[in-house]
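Thank you all for coming; I would like to walk you slowly through one structure this morning. Please have it open in front of you as I speak.

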Amino acid sequence: MTVKDILAAIQSPDSTSEDFAALPLPESYRAITVHKDETEMFAGLETRDKDPRKSIHLDEVPLPELGPGEALVAVMASSVNYNSVWTSIFEPLSTFGFLERYGRTNELAKRHDLPYHIIGSDLAGVVLRTGPGVNAWRPGDEVVAHCLSVELESSDGHNDTMLDPEQRIWGFETNFGGLAEIALVKSNQLMPKPDHLSWEEAAAPGLVNSTAYRQLVSRNGAGMKQGDNVLIWGASGGLGSYATQFALAGGANPICVVSSDQKADICRSMGAEAIIDRSAEGYKFWKDENTQDPKEWKRFGKRIRELTGGEDIDIVFEHPGRETFGASVFVTRKGGTITTCASTSGYMHEYDNRYLWMSLKRIIGSHFANYREAWEANRLIAKGKIHPTLSKVYSLQDTGQAAFDVHRNLHQGKVGVLCMAPEEGLGVRDQDKRAQHIDAINRFRNI
Ligand SMILES: C/C=C/C(=O)SCCNC(=O)CCNC(=O)[C@H](O)C(C)(C)COP(=O)(O)OP(=O)(O)OC[C@H]1O[C@@H](n2cnc3c(N)ncnc32)[C@H](O)[C@@H]1OP(=O)(O)O
Ligand SMILES: NC(=O)C1=CN([C@@H]2O[C@H](COP(=O)(O)OP(=O)(O)OC[C@H]3O[C@@H](n4cnc5c(N)ncnc54)[C@H](OP(=O)(O)O)[C@@H]3O)[C@@H](O)[C@H]2O)C=CC1
């Protein structure tokens, strides 16, 4: 049995759940990996010069054993997330440490501790097999997977699963990720595939959409409300393109920061009006490596006031980190919120704390989303209220180039990867719903 036979079953309109359950599984499959014996390959290089095309491999790997509460999924498409860029450049640390640590927790988790790491934290595909104890999903179900892996043996995670001490990001802190022909997930990662989208469109939002939902909308994050002024860094990027849509759909007022005319146009086409081109306006928040320039924070704040009719920011949607964080804290209004989920430009932040405490501002740390938040975010995609922001699509073998594009900020929105899907555009089940939203679905395509 080969991956080709699985694809044939997926493409046949007559295949039943029983047919999928009866399909023998292949012994091996193709997957995107990084190799443990290469973790030092970029030693001494600047972050920018570490090239994912050199560290990312396409390998034939053995099928992992299926455990209780798990599912094996035939992956039709996946997407590139920045966490795969971090894995591929071995920053801020090698992800093999995560796999070793996970492997030490129990017998079954040992499967993850391998000399190769199959990466990827998004997928759209078809369930092939479920392990003992799985009732909610069956072979043949068309699904997407969110990337929260939890054990929930401790009480800590039972109000909010992101607080589980054994919380991991699938395909980053676990093995057998989504940039592959077959993936291994916990069955509680599965959610219905939005039926009006193709495989690659359905695979694009998952990680960033769920993260933006928790960070901006959920009460666990900033709890955005109507009328809020929301400053969104990288507003046409992976996270930002969903944060912008949430702000607009929720009656808030996004102030979108981007770095080119083209990206400003994309934000406009989503419906945003207040846009700041950080390149054209030349903000330089740091005078040198160690000294910030509060005059530049003020110039930035003045520009925001011009765009809002004199108002300051209620919520900052932060992720660039060191380069922008001082400015983000400064421009937030009294009592406002800075919500952060990353530090792309550096994790040692510096800000003037007087502006935080004297103006009663809050900084909220946010990370991915719990199952409920991921489900709610996916439901909005399925209802056509929020749309994928897929721009370019690569083949599995060109994943290294796709990750390079994201690392160098050459991309727009989300970059997709075809895994088993032989071409783009397959997997759409509701053409009428699709037709209603087709312009929004295609907004980021091929730009
Ligand atoms: C969904 C997508 C998301 C993204 O894209 S996010 C972006 C990508 N992700 C990242 O860049 C994050 C990568 N992860 C990391 O950098 C590291 O993962 C962390 C810095 C988050 C954590 O580092 P660690 O080494 O795992 O943990 P420690 O806390 O630095 O070290 C563990 C040792 O420190 C002890 N410790 C922890 N807290 C305390 C405390 N409060 N007081 C005293 N000791 C403490 C522990 O017990 C343990 O000790 P012992 O090494 O001996 O086992
Ligand atoms: N904790 C979590 O759960 C998650 C964390 N992340 C992390 O968030 C970060 C962003 O991810 P994602 O949105 O997918 O990545 P993208 O690269 O798709 O988008 C980020 C955007 O941020 C802007 N940006 C980058 N660097 C700077 C800078 N120095 N100053 C100002 N703006 C900057 C760029 O937009 P422009 O050039 O137009 O300004 C860029 O397009 C990554 O570090 C990722 O690992 C992502 C998802 C989940």
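Let me begin at ligand 2, where a backbone N or O atom of Leu239 lies 2.8 Å from an oxygen atom of the ligand, a polar contact being a pair of N or O atoms within 3.5 Å, with the added conditions within protein that one must be able to donate a hydrogen and the other to accept it, and that residues adjacent in sequence count only if both atoms are side-chain atoms. Before going on, I should say that this is a predicted model, in which local features need pLDDT of at least 70 and side-chain atom pairs count only at pLDDT 80 or more, while totals for chains, interfaces and linings use all residues. Residues are numbered from 1 along each chain as its sequence is written, chains are lettered from A and ligands numbered from 1 in the order in which they are written, and side-chain values use heavy atoms, with hydrogens and water left out.

Staying with ligand 2, a polar side-chain atom of Ser259 lies 2.6 Å from one of the ligand's oxygen atoms, and a polar backbone atom of Cys341 is 2.8 Å from a nitrogen atom of the ligand. There are 26 residues around ligand 2, and those that come nearest are Ser259, Arg278, Thr344, Phe368 and His411, where a residue counts as near if one of its heavy atoms lies within 4 Å.

Leu239 also takes us to the helices, which, like strands, are DSSP runs numbered from the N terminus (H or I of at least four residues for helices, E of at least two for strands). Helix H7 and helix H8, residues 238-249, pack at an angle of about 50 degrees with their axes 8 Å apart; axes are lines fitted to C-alpha atoms, for helices over the stretch in contact, and angles run from 0 to 180 degrees between N-to-C directions. That angle makes H7 oblique to H8, given that under 35 degrees counts as roughly parallel, over 145 as roughly antiparallel, 65 to 115 as roughly perpendicular and the rest as oblique. On the H8 side the contact (heavy atoms within 4.5 Å) includes Leu239 and Tyr242, and on the H7 side it includes Asn209 and Tyr213.

What, then, is the angle between H7 and H13? Helix H7, residues 206-217, packs against helix H13, residues 371-382, at about 115 degrees, with the axes 8 Å apart, and that makes H7 roughly perpendicular to H13. Asn209 and Tyr213 are again among the H7 residues making the contact, and Glu373 and Leu380 are among those of H13.

A further pair is helix H10, residues 294-308, and helix H11, residues 322-331, whose axes come within 9 Å and cross at roughly 50 degrees, which makes H10 oblique to H11. Among the residues in that contact are Trp297 and Phe300 of H10 and Phe330 of H11.

I will finish with the backbone. Most residues other than glycine have a negative phi, and most peptide bonds are trans. Glu91 and Pro92, however, are joined by a cis peptide bond, with omega about -10 degrees, and Pro92 sits in the loop between helix H4 (82-88) and helix H5 (96-103). Leu152, in the loop between strand S7 (148-149) and strand S8 (168-169), has a positive phi near 60 degrees.
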